[in-house]
Amino acid sequence: MSGVSIDLTGETFGNLKVVRRVKNNHNRQPRWLCECKCGNTYIAEGRYLKSGKTKSCGCIPRGAKSATAMTSREEWDSSESRMRLPVSYTHLRAHETSQD
């Protein structure tokens with residue numbers, strides 16, 4: 001079945017719903033314009049949609065256990081706070097710049 005592309009319009013893969021086909025990539029792989037549940041649009045290759053490798057526009061972190069991880073603002077806030085610099089380092093950097 002080489003060279004034949006299946007129409008994925010209207011299909012849903014994870015959080016992505018296929019809207020329409022767009023121009024093939026440089027390797028002639030079919031690509032599809034998708035709308036993510038978060039509201040973003042995303043262009044994905046059909047092979048990655050069908051294999052399950054692409055499930056969202058990127059709004060769901062890799063390794064998330066489900067498509068609904070990171071849906072609440074509280075979860076986002078808690079994960080973001082763990083990535084902030086320690087207070088002591090932040091104060092050190094502010095102190096260094098104020099003396100210059």
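**Group meeting: one chain, four strands, three helices**

Okay, let's start with the order of things: going along the sequence, the chain reads β-β-β-β-α-α-α. That comes to four strands and three helices. Keep in mind as I go that this is a predicted model. The chain has 100 residues, and 21% of them are buried. As for contacts between residues at least 6 apart in sequence, 24% link residues at least 24 apart.

So, the sheet. The four strands form an open sheet in the order 1-2-3-4, and the pairing is antiparallel. At the edges you have strand 1, residues 12–13, and strand 4, each pairing on one side only.

Let's go through the pairs. Strand 2 and strand 3 run antiparallel, with six bridges joining them. If you want a landmark there, take Lys17, whose bridge partner in strand 3 is Glu35. Moving across, strand 3 and strand 4 are joined by five bridges, antiparallel again. Glu35 turns up here as well, standing opposite Thr41 in strand 4. Leu33 also has a partner in strand 4, sitting opposite Ile43.

While we're on that hairpin: what sits between strand 3 and strand 4? There are four residues between the strands, and in this hairpin Gly39 takes a positive phi, near 110 degrees.

Next, the core. Which residues make up the largest nonpolar core? There are ten: Leu8, Phe13, Leu16, Val18, Trp32, Cys34, Cys36, Ala44, Leu49 and Cys57. Two elements give two or more residues to this core, namely strand 2, residues 16–22, and strand 3, residues 31–36. Strand 3 gives the most, with three residues. As background, nonpolar side chains in soluble globular proteins tend to be buried together.

Let me zoom in on one core member, Ala44. Leaving out residues up to four places away in sequence, Ala44 touches Pro30, Arg31, Trp32, Cys34, Leu49 and Thr54. Of those, Trp32, Cys34 and Leu49 are among the core residues.

You'll have spotted the cysteines in that list. How many disulfides does the count come to? Zero. Just to have it said, a disulfide is a covalent bond between the sulfur atoms of two cysteines. Let's look at two cases against a cut-off of 2.5 Å between sulfurs. For Cys34, the closest cysteine sulfur is in Cys36, and at 9.1 Å that is too far for a bond. Cys34 is buried, by the way, with a relative accessible area of 0%.

The other case is Cys38. Why is there no bond from Cys38 to the closest cysteine sulfur, the one in Cys57? Because the two sulfurs are 3.6 Å apart, which is too far. Cys38 counts as partly exposed, at 42% relative accessibility.

Last stop, the charges. The structure holds one salt bridge. The partners are Glu45 and Arg47, and their closest N and O atoms are 2.6 Å apart. A polar contact of 2.6 Å joins the side chains of these two residues as well.

So where does Glu45 sit? Glu45 is in strand 4, residues 41–45. Is Glu45 buried or exposed? Buried, because its relative accessibility is 16%, and the cut-off for buried is under 20%. Arg47, on the other hand, counts as partly exposed at 40%. Setting aside neighbours within four places in sequence, Glu45 is in contact with Asn25, Gln29, Pro30 and Arg31. Pro30 and Arg31 are also among the residues that Ala44 touches.

To recap, then: an open antiparallel sheet of four strands, a nonpolar core of ten residues to which strand 3 gives the most, one salt bridge, and zero disulfides. Happy to take questions.

Technical notes. Residues are numbered from 1 along each chain as its sequence is written. This is a predicted model: local features need pLDDT of at least 70, side-chain atom pairs count only at pLDDT 80 or more; totals for chains, interfaces and linings use all residues. Side-chain values use heavy atoms; hydrogens and water are left out. A nonpolar core is a set of buried Ala, Val, Leu, Ile, Met, Phe, Trp, Tyr and Cys residues joined through side-chain atoms within 4.5 Å. Buried means under 20% relative accessible area, exposed over 50%, partly exposed in between (1.4 Å probe, protein chains only). Contact means heavy atoms within 4.5 Å. A salt bridge is a side-chain nitrogen of Lys or Arg within 4 Å of a carboxyl oxygen of Asp or Glu. A polar contact is a pair of N or O atoms within 3.5 Å; within protein, one must be able to donate a hydrogen and the other to accept it, and residues adjacent in sequence count only if both atoms are side-chain atoms. Two strands pair if DSSP finds at least two bridges between them.
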